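Q: Please guide me through the reading of this model, beginning with the pairing of strands.

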Amino acid sequence: EYGRPQYGLSSADVVYEAYTEFFYYSRYLLLFWGHAPTMVGPDRSARPYFVSLIHEWPAAYVHAGASNPGYQSIQQDGIHNLDLDANAFNLGFRVASRPAPHNLFTNIQTDMKEARRLWGNPTVTPHWPFVSHVGSGTPPYQTVTLVWNPNNTIEQWRWDGAAQGWTRWVRCPNCPDNQWTQVMGMNSGKPVIASNVVIEYTDESYLPDPAGTGWIQIATHGQGPALLFLGHRFYRGTWKNAGSGQPTRFDLPDGQPARFNPGQTWIEIVPNRQAPTQNFQLTLN
């Protein structure tokens, strides 16, 4: 709860969310292409599965430190690395209104300039096909509830017919005001509205670490089931990734590539039923 509210969520083109530690907290990986907000964060440390996702695009990775496996993955995959704790220390700034380590932020406009200076402007090939799904239909489910941690991280996507998108809400039972709160863009002042919400089920395992807290490893290569909320359309599809930096493919039940609705896309990477993460719950209503 100390990291809320986050800055940059409404401006990102793609947002990934996944568990980070065995404490069952989730973190975000934000990808920016068309918008470059001047304040994004709090910025936290890298993990190998986030590095793997960055490798798919490719993109420069702004982060603040990393786990040991995270650093190994950055080196192995040749990531364009902007570490706010090391080589890109000057790109981060701290605010006095929050406790450390939740007070570190960055300016994406400045980050983009530094990335272009160091590595140029790499070509980004299309990952997913897009087609407008705007229409009068409504999805079979109006809410998608994700319980990452029953004590402090309960989230919900709600279909908004007027906005033709999915609004985001969050609830924190351990916080003083245990109410559903709509997630707003802290830079724009506008609600976070996703055109697409993808639930990607994958394998998770534990990795020991020197501090004894336990890192989580998440499989980003392979295949598995996926729930695809593409505008007002819903499909029980699949995801597939062959590795080697290839983009993840999302398919419909008939095997055809899923066609995304233009706008912001959220990828919720969640544990499958065999994963050791017992706290996670997903409910469709």
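Q: Which residue is the bridge partner of Val197 in strand 15?
A: Strands of a sheet pair through backbone hydrogen bonds, either parallel or antiparallel. Here Val197 has Phe229 as its bridge partner in strand 15. Strand 12 (residues 196–202) and strand 15 (residues 222–230) run antiparallel and are joined by 5 bridges. Two strands count as paired if DSSP finds at least two bridges between them. Helices (H or I, at least four residues) and strands (E, at least two) are DSSP runs, numbered from the N terminus.

Q: On what basis should the model be read?
A: The model is predicted: local features need pLDDT of at least 70 and side-chain atom pairs count only at pLDDT 80 or more, while totals for chains, interfaces and linings use all residues. Residues are numbered from 1 along each chain as its sequence is written, and side-chain values use heavy atoms, with hydrogens and water left out.

Q: In what order do the 7 strands of the open sheet lie?
A: The order is 2-1-18-12-15-16-17, and the pairing is mixed. At the edges are strand 2 and strand 17 (249–251), each of which pairs on one side only. On average, neighbouring strands of this sheet are turned by 25° against each other, direction ignored. Axes are lines fitted to C-alpha atoms, for helices over the stretch in contact, and angles run from 0 to 180 degrees between N-to-C directions.

Q: Which strands of the sheet does helix 1 touch?
A: Helix 1 packs on the sheet through strand 1, strand 2 and strand 18, and its direction makes about 20° with that of strand 2. Contact means heavy atoms within 4.5 Å.

Q: How many residues of helix 1 are buried?
A: Buried means under 20% relative accessible area, exposed over 50%, and partly exposed in between (1.4 Å probe, protein chains only). In helix 1, 7 of the 8 residues are buried, namely Pro48, Tyr49, Phe50, Val51, Ser52, Leu53 and Ile54. These buried residues pack against several elements, including strand 3 (60–63), helix 2 and strand 14 (215–218).

Q: How is the packing of helix 1 and helix 2 described?
A: Two packed helices are described by the angle between their axes and the distance between the axes. Helix 1 and helix 2 (residues 68–77) pack at an angle of about 20°, with their axes 8 Å apart. They are therefore roughly parallel to each other. Angles under 35 degrees count as roughly parallel, over 145 as roughly antiparallel, 65 to 115 as roughly perpendicular and the rest as oblique.

Q: Which residues make the contact of helix 1 with helix 2?
A: Helix 1 contributes Pro48, Val51, Ser52 and His55, and helix 2 contributes Pro69, Gly70, Ser73, Ile74 and Asp77. By class, this contact has 4 nonpolar, 4 polar and 1 charged residues. Ala, Val, Leu, Ile, Met, Phe, Trp, Tyr, Cys and Pro count as nonpolar, Asp, Glu, Lys and Arg as charged, and the others, Gly among them, as polar.

Q: Is Glu268 of strand 18 buried or exposed?
A: Glu268 has its place in strand 18 and counts as buried, at 0% relative accessibility. Leaving aside its neighbours within four places in sequence, Glu268 is in contact with residues including Glu17, Trp157, Arg168 and Val197.

Q: Which residues stand opposite Trp157?
A: Val144 stands opposite Trp157 in strand 8, and Trp157 stands opposite Arg168 in strand 9. Strand 7 (residues 143–149) runs antiparallel to strand 8, with 6 bridges joining them. Strand 8 and strand 9 also pair in the antiparallel sense, over 7 bridges. Of the 8 residues of strand 8, 6 are buried, so strand 8 is largely enclosed by the rest of the structure.

Q: How many residues lie between the strands of each hairpin?
A: The hairpin of strand 7 and strand 8 has 3 residues between the strands. In the hairpin of strand 8 and strand 9 there are 4 residues between them, and Gln164 in the turn has a positive phi of about 55°. Gln164 is buried, with a relative accessible area of 18%.

Q: Where are cis peptide bonds found?
A: One cis peptide bond joins Gly41 and Pro42, with omega about 5°; Pro42 is in the loop between strand 2 (26–31) and helix 1 (48–55). The peptide bond from Ala100 to Pro101 is also cis, with omega near 5°, and Pro101 is in the loop between strand 5 (92–94) and strand 6 (104–106).
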